[in-house]
Amino acid sequence: MAYLDHAATTPVHPAAIAAVMDALATVGNASSLHASGRRARRTVEESRETIAAALDARPSEVIFTSGGTESDNLALKGMFWARHSADPRRRRVLVSGIEHHAVLDAAYWLAAEQGAALVWLPVDAAGRVQPAGLYEALAADPDSTALVSVMWANNEVGTVQPIAELAEVARGFGVPLHTDAVQAVGSLPVSFAESGADAMTVTGHKFGGPYGTGALLLKRGVACTPLTHGGGQEREVRSGTLDVPGVAGFAAACRVAVDEQPIRAARVAVLRDELLAGVRERVPEVVLNGAPADAPGARLPGNAHLSFPGSEGDSLLMLLDARGVECSTGSACSAGIARPSHVLLAMNADAEHARSSLRFSLGHTSTRDDVDALIAAIGPSVERSRRAGALSGALPRRS
Amino acid sequence: MRVLAAMSGGVDSAVAAARARDAGHEVVGVHLALSRQPATAREGARGCCTLDDARDARRAADVLEIPFYVWDLAERFAEDVIDDFADSYARGQTPNPCLRCNERIKFAAVLERALALDFDAVVTGHHARLTQTAAGPVLRRSVDLAKDQSYVLATLRPEQLAGAIFPLGDSTKAQVRAEAAERGLGVADKPDSTDICFVPSGNTAKWLHERLGSKPGPVVDVVSGGVIGGHDGAYAFTVGQRRGLALTTPAVDGRPRYVLGIDPVTSTVTVGPADRLDIRYLQASPSTYTGPPIECQAQVRAHGTPVAAKAGYAAGRLTVEFDAPLRGVSRGQAVVLYAPEVEGDRVLGGGWISETGGS
């Protein structure tokens, strides 16, 4: 089987499995005062330091959560509530149209239920948020802005955002910026300190860590109202008994992913380019969405988001799946319905182009064999899906 | 064969898929997402409808260990079934959306896409018997007459039926449920769906009113010729209907009044006594029966009683004459012709009722 869906989730790294197993076999609530508790707490704090070191943050900036969705919700809602309650004029939430649903839906909810006003930041045809666009949006009414949220790298088309520039613009107006860096860690160099972001979402399972682990990196002094109330374990911003094995596995994977990032990224980019070349040879009409693959730092190294004109992505996915090649249509909801990707639509692609797209994403376990399996399968699959696509587009109607 | 099993999330389609797999076919399960989420700011991002049904279908596919996908056919369904349903009412007819869905979605859009994707047939959980013979497909009633669905399949053309497999026709619903339980399918005791799937409230009149708006008009008595009431939209009435007529004036002869006709142009509902509902013949077009004149049993409603009739086809039109007067037949419904045979009632064909007469 060729697993080309690392952007969805990654195989867990053996170091993470070992860390989880060790911690699982040991009793101890990290909040308990006795020896077992202290041992658990030590595991948590060492993990926190590991993650902070890997991501160039201070340990006290790491707030453990259950993953990307929780971190995004905590950042969006928590920072909105805190900023809005400090100054009721601050209603505006500035987000780009290419954000993950964990950000978008939290923002929609704030607008629908909490009096927030959504402002869309423009993106170009490559899916890149323009710092000038952010400047304009902020300058229009700086006092009314609660926060800005722009992801570090897009999960569908792989476009890397100019986070440092955007954060600098936001800082100029005294507005905090949150970034969802779920896809970036392990694929790109990520420094929380240098980015200038005030809050950053990370999750373990995108870089070889266990599912259900993650963190919100939150600068000291940035106010964030909790979503959940209870023991106040994580800086009083997040409550809940800490998942010690999860935290340990998350940290172990984070260390490996960040240590190996330059080598992994280079290796994966070579595979991705071979994938692109091989697919292009068999399907010359294929279109690469997002930033060019050869522009340095513009695109995630493992991402190949392709449109196959005349095909429907969901037919193609099914045909490739039957041939043992696993990929994604990008945006699937819980019912598994493929809809035109909101990311491509935000990039001004038409719905037909969006529907014809597939995402292939490589990661730390990807091999040349995976790429070859796709290259062998893509030609006949595209040909067949085109026949089906032509039918579903122009089926003769009979009364 | 490679077959595509359309899995609604109900017990019938789950068992149908299981039987297809046991028969040695390579089966892929597909759930058809048919309803469209009300337009919201994030329309285009998601269209999670019938989430529970999709989940039930997926779980059944897991248990059967077959691949499973969801196909989004909401747009086609909206145009070909939902719009057609409303338009048909607006024209004063009484449509049957299940037939339309079979004709235009399951055995059109889905079948054609399946064939293009290298499948040989579409498997569904319809209760009907289908045999592929050298002379073409032969469709018969299910052995379970209470659950028989041959009526809603009768307007399928032979080339559509040629690509269909109905594994449940020889079983009763009770047997299907028992088999589902034996197979460990969680949907074994899921209640049957009864309502029109896109009118979840079950209140078709309200749904039509929201969609078609207010179109007030008179209720005219066919005996006196006078206006004896009013209404808010003729589309809310069905020929043969007695209840729900808000008559302001009692009928001159004191007999109950039934809807006899609906004129969508003038928004007039004509009512009269029951005997005026009787018809002696009808015409249907298009028709899947194109054979010579024939004596048969005709059925004009999904669960109606078949009656003796003579049918003939000429110039693209099916004419059916009933041996005895038949009451309450609406345009827009289908007439289905059966030949009683020892092996079970065979479907001769069916057509969409365009005219009725002879009262």
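Where is Val343(A) found? Let's work that out, and a few other things, step by step.

This is a predicted model, in which local features need pLDDT of at least 70, side-chain atom pairs count only at pLDDT 80 or more, and totals for chains, interfaces and linings use all residues. Residues are numbered from 1 along each chain as its sequence is written, while chains are lettered from A and ligands numbered from 1 in the order in which they are written.

**Exercise 1. Place Val343(A) and Leu345(A), and decide whether each is buried or partly exposed.**

Step 1: Val343(A) is found in helix 11 (residues 342-346) of chain A, and Leu345(A) has its place in helix 11 of chain A too. Helices (H or I, at least four residues) and strands (E, at least two) are DSSP runs, numbered from the N terminus.

Step 2: Now count neighbours. A residue is buried if 20 or more other C-beta atoms lie within 10 Å of its own, exposed if 12 or fewer, and partly exposed in between, with C-beta atoms placed from the backbone. Val343(A) has 29 other C-beta atoms within 10 Å, so Val343(A) is buried. Leu345(A) has 19, so Leu345(A) is partly exposed.

Step 3: Check some distances. Val343(A) and Asn154(A) are 189 residues apart along the chain, with 8.6 Å between their C-alpha atoms. Leu345(A) and Val169(A) are 176 residues apart in sequence, and 26 Å apart in space, C-alpha to C-alpha.

**Exercise 2. Describe helix 2 of chain A, from its span to what follows.**

Step 1: This helix (residues 35-55) has 21 residues and reaches 30 Å from its first C-alpha to its last. That is close to the 30 Å expected at 1.5 Å a residue; the expected span is 1.5 Å times one less than the number of residues.

Step 2: Its buried residues include Ala40(A), Val44(A), Arg48(A) and Leu55(A). Among the elements covering the buried residues of helix 2 are helix 1 (14-24), strand 2 (62-65) and helix 8 of chain A.

Step 3: Asp56(A) follows helix 2 of chain A, and its phi is positive, near 55°.

**Exercise 3. Work out how helix 3 and helix 4 of chain A pack.**

Step 1: Helix 3 (residues 68-86) and helix 4 (residues 101-113) of chain A pack at an angle of about 30°, with their axes 9 Å apart. Axes are lines fitted to C-alpha atoms, for helices over the stretch in contact, and angles run from 0 to 180 degrees between N-to-C directions.

Step 2: Look at who meets whom. Residues of helix 3 including Leu76(A) and Phe80(A) meet residues of helix 4, among them Val103(A) and Leu110(A). Contact here takes C-beta atoms, placed from the backbone, within 7 Å.

**Exercise 4. Find the unusual backbone spots listed here: one cis peptide bond and two positive phi values.**

Step 1: The peptide bond from Ser285(B) to Pro286(B) is cis, with omega near -5°. Pro286(B) sits in strand 12 (residues 278-287) of chain B.

Step 2: Arg235(A), a residue other than glycine, has a positive phi near 55°. Arg235(A) is in the loop between strand 8 (214-218) and helix 8 (244-259) of chain A, and with 16 C-beta neighbours inside 10 Å it counts as partly exposed.

Step 3: Ser267(B), likewise not glycine, has a positive phi near 60°. Ser267(B) lies in the loop between strand 10 (258-263) and strand 11 (268-272) of chain B.

Definitions and conventions: Two residues are in contact if their C-beta atoms, placed from the backbone, lie within 7 Å.
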